[in-house]
Amino acid sequence: MRYQYHTYKIKYYVNASHAMRWENGEGKQHNHTWEIVCEIHSKNDQMIVFNDIEKKLKEVCDTFEGKFLNKLPAFQYVNPTTENVAMWLFNLFTPRLEELNAELVRLEVGESPTRSYCKSSA
């Protein structure tokens, strides 16, 4: 029997700053309004309440709202590039969404309207 999964797309915005690390030091700290776009599938034919998904995403995003990413433990030794921020968020969102019997299939993280990076599962 084939089941129908449901797809959800949720956008979230977080204000946080970062500074790029280069061979000869660290660049200037600067702010971004990070746009985070999640595409989520249910793992079965059951729908998921939007508020439940948003609560799980907010739990993660609230931890770095208004923060300097370079000071977070995850970026102590990792350059806080858009790509690395996306990978970090993907790894944080995934187990929380699994609690809802959902899978994060695509994550897009943008630091500006013209720059974003996408991470997909599998």
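## A tour from Thr82 to the sheet and back

Thr82 is buried, its relative accessible area being 11%, and this makes a convenient starting selection in what is a predicted model. Thr82 lies in helix α2, and if you display its surroundings while setting aside neighbours within four places in sequence, you will find Thr82 in contact with Trp34, Val109, Glu111 and Tyr117.

Next, select the whole of helix α2, residues 82-98, and look at what is beneath it. Helix α2 lies across β4, β5 (102-112) and β6, and runs at about 150 degrees to β5.

Now bring up the sheet itself. This open sheet has 4 strands in the order β1-β4-β5-β6, and the pairing is antiparallel. At its edges are β1 (7-18) and β6 (115-120), each of which pairs on one side only. If you look along the sheet, neighbouring strands are turned against each other by 20 degrees on average, with direction ignored.

To examine one pairing in detail, select β1 together with strand β4 (residues 30-42); these two strands run antiparallel and are joined by 12 bridges. Within this pairing, you can pick Lys9 and look across to Glu39, its bridge partner in β4. Helix α1 packs on the sheet here, touching β1 and β4, and its direction makes about 20 degrees with that of β1.

Keep helix α1 (residues 50-61) selected and add helix α2 again: their axes come within 10 Å and cross at roughly 140 degrees, which means that α1 is oblique to α2. The crossing in which α1 passes α2 is right-handed. To see the side chains at this meeting, show Ile53, Lys56, Leu57, Glu59, Val60 and Cys61 from α1, and from α2 show Leu89, Leu92, Phe93, Arg96 and Leu97, which they meet. The residues of this contact divide into 8 nonpolar and 3 charged, with no polar ones.

For the last stop, select Asp52, which has its place in helix α1. Is Asp52 buried or partly exposed? With a relative accessible area of 35%, Asp52 is partly exposed, whereas Thr82, where the tour began, is buried at 11%. Finally, draw a distance from the C-alpha atom of Asp52 to that of Leu97: these residues are 45 residues apart along the chain, and the separation between the two atoms is 9.2 Å. Leu97 is one of the α2 residues already shown in the contact with α1, so this last selection leads back to the meeting of the two helices, where α1 is oblique to α2.

Conventions. Residues numbered from 1 in each chain as written. Predicted model: local features only at pLDDT ≥ 70, side-chain atom pairs only at ≥ 80, totals over all residues. Heavy atoms only, no water. Axes fitted to C-alpha atoms, helices over the stretch in contact; angles between N-to-C directions. Parallel < 35°, antiparallel > 145°, perpendicular 65-115°, else oblique. Left-handed = near helix turned anticlockwise from the far one by under 90°. Contact = heavy atoms within 4.5 Å. Nonpolar A, V, L, I, M, F, W, Y, C, P; charged D, E, K, R; others polar. Pairing = 2+ DSSP bridges. Buried < 20%, exposed > 50% of the residue type's maximum accessible area, 1.4 Å probe, protein only.
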